[in-house]
Amino acid sequence: AWTPATLSLGYFQRYGDVAQLEADVRDLPVVRRTTGGGAILHDREVTYCIVLDDSIPVARQGPVALYEL
């Protein structure tokens with residue numbers, strides 16, 4: 001879960017873009033995702049992540065293979 005609420009920026013999004021947001025959003029903690037896209041507000045949700053090293057064959061394939069698995 002996200003505590004406190006956090007803003008995640010896409011890989012190519014500029015940190016300076018945060019300054020243009022509403023005050024209640026731009027004052028939140030900020031992290032950067034390794035994926036693209038715009039800012040996402042994380043609050044009252046659960047986010048899952050899986051980390052694999054390349055000893056697992058599917059980890060050497062693209063993201064689609066992981067989603068299919």
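Which residues is Leu9 in contact with, leaving aside its neighbours within four places in sequence? In the predicted model examined here, these partners are Arg14, Tyr15, Val18, Val30, Val31, Arg32, Arg33 and Ala39. Leu9 belongs to strand β1, which spans residues 6-9. The residue is buried, because its relative accessibility of 1% falls under the 20% limit. A further spatial relation links Leu9 to Gly36: the two residues are separated by 27 residues in sequence, and their C-alpha atoms lie 8.1 Å apart.

The overall architecture of the protein chain comprises two helices and three strands. Along the sequence these elements are arranged in the pattern β-α-β-β-α. The radius of gyration of the protein chain is 15 Å, well over the 11 Å that the globule rule gives for 69 residues, and the chain is therefore more spread out than a compact globule. The box filled by the C-alpha atoms, taken along the principal axes, has dimensions of roughly 45 × 25 × 20 Å.

Of the 69 residues in the protein chain, 19% are buried. The exposed surface of the protein chain amounts to about 5600 Å², and carbon and sulfur atoms contribute 57% of this area. Among contacts with a separation of 6 or more, 51% involve residues that are 24 or more positions apart. With respect to charge, the protein chain carries 6 positive and 9 negative side chains. The centres of these two sets are 5 Å apart.

The segment before β1 was examined next. Thr3 is located in this segment, as are Pro4 and Ala5. The peptide bond from Thr3 to Pro4 adopts the cis form, with omega near 0°. Thr3 is classed as exposed, since its relative accessibility of 73% is over the 50% threshold. Ala5, by contrast, is buried, with a relative accessible area of 16%. When residues up to four places away in sequence are not counted, Ala5 touches Leu28, Pro29, Leu41, His42 and Asp43. Leu21 lies 16 residues from Ala5 in sequence, and the C-alpha atoms of Ala5 and Leu21 are 15 Å apart.

Asp43, one of the residues touched by Ala5, is situated in the loop between β3 (40-42) and α2 (63-68). Its relative accessibility of 33% places Asp43 in the partly exposed class. Asp43 is also related in space to the segment before β1 through Thr3: these two residues are 40 residues apart in sequence, while the distance between their C-alpha atoms is 7.4 Å. For Asp43 and Val58, which are 15 residues apart along the chain, the C-alpha separation is 31 Å.

The loop between β3 and α2 also contains Arg44. The backbone of Arg44 shows a positive phi of about 55°, although this residue is not a glycine. Arg44 is exposed, with a relative accessible area of 82%.

Aromatic side chains were considered last. A pair of aromatic rings is described by the distance of the centres and the angle of the planes. The count of aromatic pairs in the model comes to one. This pair is formed by Tyr11 and Phe12, whose ring centres are 4.8 Å apart and whose planes meet at 90°, so the arrangement is edge-to-face. The assignment follows because an angle over 60 degrees counts as edge-to-face. Tyr11 is partly exposed, with a relative accessible area of 46%, whereas Phe12 counts as exposed at 72% relative accessibility.

Note on methods:
Residues numbered from 1 in each chain as written. Predicted model: local features only at pLDDT ≥ 70, side-chain atom pairs only at ≥ 80, totals over all residues. Heavy atoms only, no water. Helix = DSSP H or I, 4+ residues; strand = E, 2+ residues; numbered from the N terminus. Rg over C-alpha atoms; globule rule 2.2 N^0.38 Å. Buried < 20%, exposed > 50% of the residue type's maximum accessible area, 1.4 Å probe, protein only. Contact = heavy atoms within 4.5 Å. Areas by Shrake-Rupley, 256 points an atom, 1.4 Å probe, with all protein chains shown as cover. Lys, Arg positive; Asp, Glu negative; His and termini not counted. Charge placed at Lys NZ, Arg CZ, Asp CG, Glu CD. Phe/Tyr/Trp six-rings, centres within 6.5 Å; stacked < 30°, edge-to-face > 60°.
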